[in-house]
Amino acid sequence: LDYSTGAEAFLLEPQRTNLIQYSNDFSQSYWNKSGASFVSGFTSPDGTNNSYKLVEDTSIGQHKFEKGVQTSTGQAYTYSILAKKGERDWIQLRSNQTVGNTYFNLSNGTIGTDSSTSSSIKLIGNGWYRCTVSGVSVNTANTVFTYLADADGSNSYTGDGTSGIYVYGAQFEQGSYPTSYIPNNGEANGVTRNQELCYDATPVINSEEGVL
């Protein structure tokens, strides 16, 4: 339900496709890691032990994971991921061909340095935030990045070998804003959620009576 207008309204989402092939299996070689690795078995937003911890190594430089995704030039895309602070408070999301580059504070749910077209951070619960960046693609070959950061605006530093953040549910979709998470467990062409429609109903529930 959507309460943004002051009334309870059905939140009906458009058709979207999660283009990330392994949206929550970060152990796959599909994900390119640099200066960091993943450890599995942590409690996720759905209450099961299927989230991962992104742990920095001891190198000097960037600690990140990334994946190339095909896009259509001139179209809006949104990259999002659920993240929770560990020893690090900050992450950076970047999409190199959709003008997305934003730092997120996972300690207080705020946005830091931001040069993306659009960005947002939303508390899901239990310390988990959904962080998103959106922009218009300027090329057909796009790469989405998630960096550990030791401060706002700083994604290159000497790692300690143990610090990191928790991640769950990566999504890359065509559109100027994020929709609800669409799990993809290996479909190379993406997983699509059909458009949600409401027929023969008033899509608002008022305070006196329900309408279905």
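**Exercise 1. Is N155 buried or exposed in this predicted model?** Work out the answer from its relative accessible area.

*Solution.* Start with the number: the relative accessible area of N155 is 14%. Next, recall the cut-off, since buried means under 20% relative accessible area. N155 is therefore buried. Keep in mind as you go on that the model is predicted.

**Exercise 2. Find where N155 sits and which residues surround it.** Look for its place in the chain, then for its contacts.

*Solution.* Begin with the chain: N155 lies in a loop, with β14 (141–149) on one side and β15 (156–158) on the other. Then set aside the neighbours within four places in sequence; N155 is in contact with G61, Q62, H63, Q92, Y103, Y147, L148 and A149. Finally, take V144 for a distance check: V144 and N155 are 11 residues apart in sequence, and their C-alpha atoms are 15 Å apart in space.

**Exercise 3. Which side chains make polar contacts with the side chain of N155?** Give the distance for each pair.

*Solution.* Take Q62 to begin with: its side chain makes a polar contact with that of N155 at 3.5 Å. Now turn to Q92, whose side chain makes a polar contact with the N155 side chain at 2.7 Å.

**Exercise 4. Why is strand β7 described as largely enclosed, and which strands pair with it?** Use burial and then the bridges.

*Solution.* Count the buried residues in β7 (residues 64–70): five of the seven are buried, so the strand is largely enclosed by the rest of the structure. Now follow the pairing. Strand β3 (residues 32–34) pairs with β7 in the antiparallel sense over three bridges, and here N32 stands opposite E66. Strand β14 also runs antiparallel to β7, and seven bridges join the two. In that pairing, K67 stands opposite V144.

**Exercise 5. Trace the six-stranded open sheet.** Give the strand order, the edges and the twist.

*Solution.* Remember the general principle: strands of a sheet pair through backbone hydrogen bonds, either parallel or antiparallel. In this sheet the order is β4-β5-β16-β8-β13-β12, with antiparallel pairing. The edge strands, each pairing on one side only, are β4 (36–42) and β12 (118–125). From one strand to the next, the twist averages 30 degrees. To finish, zoom in on one pair: β8 (residues 76–85) and β13 (residues 128–136) are antiparallel and share nine bridges. There you can find Y79 opposite V133 of β13.

Technical notes: Residues are numbered from 1 along each chain as its sequence is written. This is a predicted model: local features need pLDDT of at least 70, side-chain atom pairs count only at pLDDT 80 or more; totals for chains, interfaces and linings use all residues. Side-chain values use heavy atoms; hydrogens and water are left out. Helices (H or I, at least four residues) and strands (E, at least two) are DSSP runs, numbered from the N terminus. Buried means under 20% relative accessible area, exposed over 50%, partly exposed in between (1.4 Å probe, protein chains only). Contact means heavy atoms within 4.5 Å. A polar contact is a pair of N or O atoms within 3.5 Å; within protein, one must be able to donate a hydrogen and the other to accept it, and residues adjacent in sequence count only if both atoms are side-chain atoms. Two strands pair if DSSP finds at least two bridges between them. Axes are lines fitted to C-alpha atoms, for helices over the stretch in contact, and angles run from 0 to 180 degrees between N-to-C directions.
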